[in-house]
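Q: I'm new to this one and would like to zoom in on a single part. Could you walk me through it slowly?

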Amino acid sequence: MRYRNIDKISAAATCIKDNMGNTVEILTPKNLNVAKAAFIEAAKEPFAEQFKKESEGDIGNPSFPLELNPQFIYNEELLRKVADGGEKIAEALAIIQECVIPENRRDEAVLELIEKRARKAMKIALAAKSILAKDDEATNSALSSVFSAPSKELCEKAIDLYFENKKLTPEDKAKLSVINAEIRNKLSNITEIGAEKLSWFFYRAMLYFDVPPWKVKISDNCAAIDVRDINESGEPMIVIPKDRVVNGAKAAELICHEIFCHWRGSANGQRFFKEILRGTPLEPLADILAKSPDETHYEGEAKMSDVWVNGGSSLPDPLTIAVIDFASHGLSFADVAYQVYKIRRQAGASEDAALKTAWAKTYRILRGITDAAKNKGCYAFTKDAAYFLGYKVARDHADDELYRLYASMEEEEIPVFASLFPEFAASARSIPFRTLIDNAIDIVLEG
């Protein structure tokens, strides 16, 4: 590449990196735990009564009080910071496009990826601005440009697929795991692994590679474990909910999912882009080029890993697709949650289990909404469709290790860089995934 103004380009690259927002962070309400507890308590009786009525043949649209819907309070300071960053990213991208001249196809591929990452970051900034304006329709539009959504056909058959999965026998599920029954039983008999122990497991797993481990933070305001390449603090980190408790089998699954798929993919991508951009004014962009905001391939590889570890019990849940469909038709939070509750009860779940799933599934699809009672914007955060959609993508490439090595990049990006850069395959440390699974098992069994 040729550079017309190195200092100006370097400042622009740093500006893009520093102003990229993490979508999960901006969509997570400050009152998450309070809202969760209040909703589960308030919904328990009306949901049970409505389900009883429908079971007895009284079929009709449920009518829940508006106040049953949670009122989320978002971090407005963070939202303003991310929203303001959108214009800065746009200006910085324009500088790079004006001052960086590609000289070959390799240069063009890098510049195309920079533009792609920057434009999606601008959409995330627009979503932050829309949340501040309480414009759910605009938030929905911005985020739909970043995250893949399920097709209409998949939405229509999602509930049937959910009940089909429920018919799988324990033997059917076990066949999908690469771990023998004796080891799975040993792992399952290890109970009460909390956030502190999980953080130690993750740290040990990262030490398996010749890459500096990321910080692992235990938080009381997150709904799930999150590997954050981009984080408000400015440094990448892995966040674990304070109240997360799992057994040994789930712990082994999480090590493989979060570290050997998510973290390893990002670490490999960062190493590659630092190699090819080293000494150039674009070097500050190496970390953000390694990870796409669209997580279809990213979550697909991790979900395939889940199945290899724990078999059919970890298959992607079609119920998530149904929840996206409910929300995209304008159902309120309470109405979406009741539909999840009803499906879970019909599948044999207890009232408490159905209610917890109803909250968990609905929250993840409606986080970011500002009017949960009306949902006039037909808001649905489709990020979680990645588990189901990406699982097929990952299976299509199950025999190609390169896709697992660069799990943080999009499916179509990988062959482009592999064909143009010999360093792409050479710079990543290839380890058979079965070896990584065995390593995860050892970490858990050794405690």
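A: Here's a close look at strand β5, residues 237–241. First, a heads-up: this is a predicted model, where local features need pLDDT of at least 70, side-chain atom pairs count only at pLDDT 80 or more, and totals for chains, interfaces and linings use all residues. Numbering starts from 1 along each chain as its sequence is written, and side-chain values use heavy atoms, with hydrogens and water left out.

So, is β5 buried or exposed? Five of its five residues are buried, so the strand is largely enclosed by the rest of the structure. (Buried means under 20% relative accessible area, exposed over 50% and partly exposed in between, with a 1.4 Å probe and protein chains only; strands are DSSP runs of E, at least two residues, and helices are H or I runs of at least four, numbered from the N terminus.)

Now look at which way the residues face. Met237, Val239 and Pro241 point one way from β5, while Ile238 and Ile240 point the other way. Both sets are buried.

Next come the partners. Two strands pair if DSSP finds at least two bridges between them. Strand β3, covering residues 215–219, pairs with β5 in the parallel sense, over five bridges. To find that pairing by eye, look for Ser219, which stands opposite Pro241 of β5. Strand β4, residues 226–228, pairs with β5 too, but in the antiparallel sense and over three bridges. Here Asp226 is your landmark: that residue stands opposite Val239 in β5.

Putting it together, β5 has a parallel pairing with β3 and an antiparallel one with β4, and its five residues are buried.
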